[in-house]
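Thank you for sharing this entry for comment. The points below are meant to be read slowly, with the sequence and the structure side by side.

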Amino acid sequence: MSPLERRPGARWRQARRPGHNLVARLSDYKTDVLRFTANFAVPLTNNQAEQDIRMMKVRMKISGSFRTMAGARTCATLRSLLSTGRKQGWNLLAALSTPAPNLITTLHA
């Protein structure tokens, strides 16, 4: 029996095809899906968020995992700093060499 067939005596509604579910969701969230057309501050895709975590996953797959939790935190902090710096237009070498308490005041000005 396929998942789209209804069993005799079943009470729940019949399952719909994935394409139908997609069209229904796009219709329900039309204003959210098309928000980038009216508000130019909204990015077309969320690829930047995906790219920010991709390098960590690749690193974990290649080396198996991080040896220590401190190493994982350090790597995450550096990746976050570089990603933020790129988005803000900072000089990345200056960002890496600036002490943490002075980072925002020095590079944001």
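1. What pattern does the chain follow when read along the sequence? The pattern is α-α-α-α-α-α-α, and the secondary structure accordingly comes to seven helices and zero strands. Please keep in mind throughout that this is a predicted model.

2. On confidence, the chain has a mean pLDDT of 80, and 88% of its residues reach 70 or more. Helix α1, which covers residues 18-28, has the highest confidence at 92, whereas helix α7, covering residues 103-108, has the lowest, at a mean of 70.

3. For the chain as a whole, buried residues make up 13% of the 109 residues. The accessible surface comes to about 9,600 Å², and carbon and sulfur atoms account for 58% of that surface. If one takes the contacts between residues at least 6 apart in sequence, 11% of them join residues at least 24 apart.

4. The largest pocket holds about 180 Å³ of space, and its lining is made up of Q48, Q51, D52, I53, M56, A76, R79, S80, S83, R86 and K87. Sorted by class, this lining has three nonpolar, four polar and four charged residues.

5. Which helices each supply at least two residues of that lining? They are α4, which spans residues 47-63, and α5, with α5 giving the largest share, namely six residues.

6. One lining residue, S83, deserves a point of its own. S83 is found in helix α5, which runs over residues 69-88, and, once its neighbours within four places in sequence are left aside, S83 is in contact with Q48 and D52. Both Q48 and D52 also belong to the lining of the largest pocket.

7. Is S83 buried or exposed? S83 counts as buried because its relative accessible area is 8%, and the cut-off for that word is under 20%. A student may therefore picture S83 as a buried residue that nevertheless appears in the lining of the largest pocket.

Key: Residues are numbered from 1 along each chain as its sequence is written. This is a predicted model: local features need pLDDT of at least 70, side-chain atom pairs count only at pLDDT 80 or more; totals for chains, interfaces and linings use all residues. Side-chain values use heavy atoms; hydrogens and water are left out. Helices (H or I, at least four residues) and strands (E, at least two) are DSSP runs, numbered from the N terminus. Buried means under 20% relative accessible area, exposed over 50%, partly exposed in between (1.4 Å probe, protein chains only). Contact means heavy atoms within 4.5 Å. Accessible areas come from the Shrake-Rupley method with a 1.4 Å probe; for residues, only the protein chains shown count as cover. pLDDT is the predictor's confidence in each residue, from 0 to 100. On a 1 Å grid over the protein atoms alone, a cavity is a set of points where a 1.4 Å probe fits but cannot get out, and a pocket is an open set with protein on both sides within 12 Å along at least five of seven lines; lining residues have an atom within 4 Å of a point. Grid points are joined across faces, edges and corners, and a volume is the space filled by probe spheres set on the points. Ala, Val, Leu, Ile, Met, Phe, Trp, Tyr, Cys and Pro count as nonpolar, Asp, Glu, Lys and Arg as charged, and the others, Gly among them, as polar.
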